[in-house]
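Dear colleague,

I am passing on to you the structure we spoke of, with the sequence alongside. Please have it open in your viewer while you read the notes beneath it.

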Amino acid sequence: MASRLQSENWTEDTICPICLDFFKDPVILDCGHNFCRPCIILCWEKKLNSCPECKAAFQERNLKVNRALANLAEKARQLKLSPKAEESKLHCEEHQDELKLFCETDKKLICYTCRDSREHKSHNFLPIKEAVEICKNQLISSLDSLSLKKSAVLETEQKQKWKISEVREQSGSLQTHITSEFSKMRQILTEKEQRLLRDLREEEERILEPMEKNLREIQENLNSIEEKRLKLRKQMEQKDELIFLKEEASRKRRINEERQTLTVKGGALSIIKFNGLLQYRTWKEMIHFIKPAPASLLLNPNTANPWLILSKDLASVRLGDKQQSLPDTPDRFDQCACVLGSEGFSSGKHYWQVHVGEKTQWRLGVARGSINRKGPIDHRPETGFWILWLKPGRGYVACTSPNETRLTQRMKAPIIGVFLDYERGQVSFYNADNMTHLHTFTQTFTGKLFPIFYPGLNIDGTNSAPLRICGVRRQ
């Protein structure tokens, strides 16, 4: 038994991984694996030069004869330790004849008696060696297919790892950004707190200084009165009448000379400054430190469509009842009823808010300065527009390409916030009441971008209200 096991152990090294038989003319590849020369050549005829075992690829077919392995395989063959020995002993369970054929129809090994039986009538048969060759070719094809699938899965795995790494990197960057932004706000609040406490201390000192000085004078006067009381008691005890009268006259002269008036001095702290609506006043002051704070944009009348009416302060726009007689300059929109902001942005972060109220339709966003302003306009990113549209009957719609994107936000916002981050290539829209995010466009920007305003049509008379920019004016 031990001798048989030892034979099986060393004969395993003499078997070709492709044909599963003893090596015939064994060759060794550059990667160190061995194969029969005919087997590897047949394998390479069907795919690139690579090792069937480790998948290592080779530019050239460098096949080195492995004579030691050839000798070892020959010894195993002479000892009749063929790995197919057991297979050659397989017999048909029904007829006890040796299995010599392969039935292609039933996909099973059969003997000659089975072939002639009614069960296998009109079936296709192959010699076992030929069937093995066909199966090996099919396995090689399957291996090729699995190799391709493995490569595709490995590529997908790499992409997934990259995406995970990207999300983690973005998360780390955003954590740093959030920490930095809140640190700035805490610093502003801390500085405001320290400034108020310093002002309170200074006002306290200013008010208390004269009061404490007056208190010291009052206390000194109390000490003087106590001394005088003691002197009077001592004077009352004087037995000599002449001396008593002399001291009394001297005392009255001193009283006339030292007579003074002492009063209570007081003041009050500015309670309103340090208490009344303290949080609200601090919040209002913080708007001057927020970057970017809601900007007070102005509209550019030279770009306004003739049907639009702009306010005198150039902060609001509405659709008029008739077309105005205005010069048709290259900057002016002639068919699309919209207007641009007067200031363009080619860098930085910018935020503005637009009061839309109960309007039934409007369009807001940014547009490239080089956009076409004549004739019908397609408000898509490809043409230089990044637009949020309140569409009648459909709610909020982002003008994306190739199709519009309907947003899930149902509640209409009275104020819309527009945030442009030029370097990050983002235009974001918010419900400015609670800063709920509505949509973000992502694009690599070039050239100046201008705020754009479209108050919408007023077909049913319910959309006559203007769009008004409601930024914060810094003092």
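The notes below cover the strands and their pairing, together with one helix.

Please keep in mind throughout that this is a predicted model.

I begin with the sheet that involves strands 4, 5 and 6. These 3 strands make up an open sheet whose order is 5-4-6, with antiparallel pairing. Strand 5 (108-110) and strand 6 (125-127) are found at the edges, and because each has a single partner strand, one side of each is left without a neighbour in the sheet. On average, and ignoring direction, neighbouring strands here are turned by 35° against each other. Between strand 4, which covers residues 101-103, and strand 6 there are 3 bridges in the antiparallel sense, and Phe102 has Leu126 of strand 6 as its bridge partner. Helix 6, spanning residues 128-236, lies across strand 4, strand 5 and strand 6, and its direction makes an angle of about 95° with strand 6.

Next come strands 12, 13 and 14. Strand 12 (residues 385-391) is paired with strand 13 (residues 395-398) through 4 bridges in the antiparallel sense, with Leu390 standing opposite Tyr396 of strand 13. The hairpin of these two strands has 3 residues between them, and Gly393 takes a positive phi near 80° in it. Strand 13 is also joined by 2 bridges to strand 14 (residues 405-406), the two running antiparallel, and here Ala398 is opposite Thr405 of strand 14. The hairpin that joins strand 13 to strand 14 does so through 6 residues.

The last group is strands 15, 16 and 17. Strand 15 (residues 415-421) and strand 16 run antiparallel and are joined by 6 bridges, with Gly417 opposite Tyr430 of strand 16; in their hairpin, which has 4 residues between the strands, Gly425 takes a positive phi near 70°. Strand 16 is likewise joined by 6 bridges to strand 17 (residues 436-442), again with the strands running antiparallel, and Gln426 stands opposite Thr442 of strand 17. In the hairpin of strand 16 and strand 17, which has 4 residues between the strands, the residue with a positive phi is Met435, at a value near 60°.

How many of the 6 residues of strand 16 are buried? For strand 16 (residues 426-431) the count is 5 of the 6, so this strand is largely enclosed by the rest of the structure.

With best regards

How values were computed: Residues numbered from 1 in each chain as written. Predicted model: local features only at pLDDT ≥ 70, side-chain atom pairs only at ≥ 80, totals over all residues. Heavy atoms only, no water. Pairing = 2+ DSSP bridges. Axes fitted to C-alpha atoms, helices over the stretch in contact; angles between N-to-C directions. Contact = heavy atoms within 4.5 Å. Buried < 20%, exposed > 50% of the residue type's maximum accessible area, 1.4 Å probe, protein only.
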